[in-house]
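Here's a quick walk through a ligand pocket, a helix pair and a couple of unusual backbone angles. Have a look at the model first, then read on.

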Amino acid sequence: MDTDVFRGQVAIVTGASSGIGKSLALLLARQGAKVALAARRADRLEEVAAGCRSRGGEALVVPTDVSDEAQCKTLVEKTVATFGRLDMLVNNAGLAVIARLEDYSNLDLFKHTMSVNFYGAVYCTYYALPHLIRSRGRIVAVSSLGGKAPLPYNSPYIASKYAMHGFFDTLRIEMMKYGVSVTIICPFWVVTGFHEAQMDKDGVPKGPGGRAIYTEKMMTAERCAEVALQAAYKRKRELLMGPGHLAAWFRLLAPGLMDRFVIDFLKTTVRRQQENQGEKVEV
Ligand SMILES: NC(=O)c1ccc[n+]([C@@H]2O[C@H](COP(=O)([O-])OP(=O)(O)OC[C@H]3O[C@@H](n4cnc5c(N)ncnc54)[C@H](OP(=O)(O)O)[C@@H]3O)[C@@H](O)[C@H]2O)c1
């Protein structure tokens with residue numbers, strides 16, 4: 001997507017150290033935007049900042065753990081202090097844990113997932129709101145198809161994404177009178193660091209084995225960023241990727257059948273993972 005609409009505009013991207021967030025930041029920079037980059041890994045953010053500058057944009061690195069409200073406030077304050085305004089907030093930071101609820105030894109990882117995926121977006125949005133109202137800006141929430149349909153072994157992740165939809169769908173209505181748009185992005189699978197970072201019930205990341213579910217047809221982070229930014233530019237309500245529309249309608253019309261389909265989908269995925277990895281996973 002090439003448009004001048006973001007030239008000179010100021011955007012915050014959370015989860016900018018990797019994957020979709022990194023691609024969004026680089027794309028915004030290519031279009032002449034000033035981008036505040038937030039995530040925990042400062043070294044990765046510095047690399048992304050260099051990429052932004054080499055593409056003609058400006059970049060500010062603000063190491064941030066979005067599960068900490070005070071750090072989200074600081075992120076917004078530093079951005080506005082540096083660039084003088086805020087036109088877009090992209091709530092993209094996210095993670096997942098793969099386990100059945102009955103297998104967790106306590107709820108710490110469940111709460112952590114909600115803190116990052118849901119409360120992180122709430123904190124950043126709350127502190128950015130006065131600035132976005134002033135600029136008649138844009139709010140982008142990177143959810144998932146998991147925000148539209150359930151997936152076993154993913155209860156904290158799915159709960160956090162469903163919560164995002166409730167929050168941002170409501171906020172969209174509240175923001176109408178100010179001309180601030182709210183766009184919810186629901187990717188299907190995208191090739192990023194996400195599946196490597198996915199944790200088991202004990203908080204251990206899957207590592208490179210997490211990529212065993214990938215196929216050649218899977219969307220790249222660059223393509224995902226491109227269509228997401230296009231939707232934000234057009235101030236769309238929601239963008240469903242992959243089989244998103246089908247899943248949404250299927251769930252509405254035949255929820256019981258959809259539940260059984262989801263189990264089959266999961267079995268197929270696990271089978272592919274086992275074939276690619278020689279690993280035994282119980283479904
Ligand atoms: N990849 C997919 O298949 C897929 C599908 C649907 C939806 N999504 C959504 O897309 C979004 C981006 O994920 P991705 O696929 O690009 O995965 P990724 O490559 O793993 O990126 C996740 C980003 O979130 C950041 N993050 C994690 N915990 C954080 C915290 N506490 N504070 C601040 N930043 C934090 C990570 O940075 P640090 O580790 O440096 O903090 C990283 O930059 C997520 O919300 C995810 O749910 C992904």
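For residue classes, Ala, Val, Leu, Ile, Met, Phe, Trp, Tyr, Cys and Pro count as nonpolar, Asp, Glu, Lys and Arg as charged, and the others, Gly among them, as polar. By that scheme, the shell around the ligand holds 14 nonpolar, 12 polar and four charged residues. This is a predicted model, in which local features need pLDDT of at least 70 and side-chain atom pairs count only at pLDDT 80 or more, while totals for chains, interfaces and linings use all residues. Residues are numbered from 1 along each chain as its sequence is written, and side-chain values use heavy atoms, with hydrogens and water left out.

Back to the ligand: 30 residues surround it, counting a residue if one of its heavy atoms lies within 4 Å. The closest are Ser-17, Ser-18, Arg-40, Tyr-157 and Thr-192. Helices α1 (19–30), α5 (155–175) and α6 (194–197) each supply at least two shell residues; helices here are DSSP runs (H or I, at least four residues) and strands are E runs of at least two, numbered from the N terminus.

Here are some polar contacts to the ligand (pairs of N or O atoms within 3.5 Å):

| Protein atom (N or O) | Distance to a ligand oxygen |
|---|---|
| Gly-15, backbone | 3.0 Å |
| Arg-40, side chain | 2.7 Å |
| Tyr-157, side chain | 2.6 Å |

Taken alone, the ligand exposes 880 Å², and the protein buries 97% of that (Shrake-Rupley areas, 1.4 Å probe).

Now for the helix pair. Residues of α3 that meet α4 include Cys-72, Leu-75 and Val-76, and among their α4 counterparts are Tyr-123, Cys-124 and Tyr-127, contact meaning heavy atoms within 4.5 Å. The residues of this contact divide into eight nonpolar, two polar and two charged.

Finally, the backbone. Most residues other than glycine have a negative phi. Tyr-153, in the loop between β5 (138–142) and α5, has a positive phi near 75°. Arg-235 has a positive phi too, near 55°, and sits in the loop between α7 (221–233) and β9 (238–240).

Definitions and conventions: A polar contact is a pair of N or O atoms within 3.5 Å; within protein, one must be able to donate a hydrogen and the other to accept it, and residues adjacent in sequence count only if both atoms are side-chain atoms.
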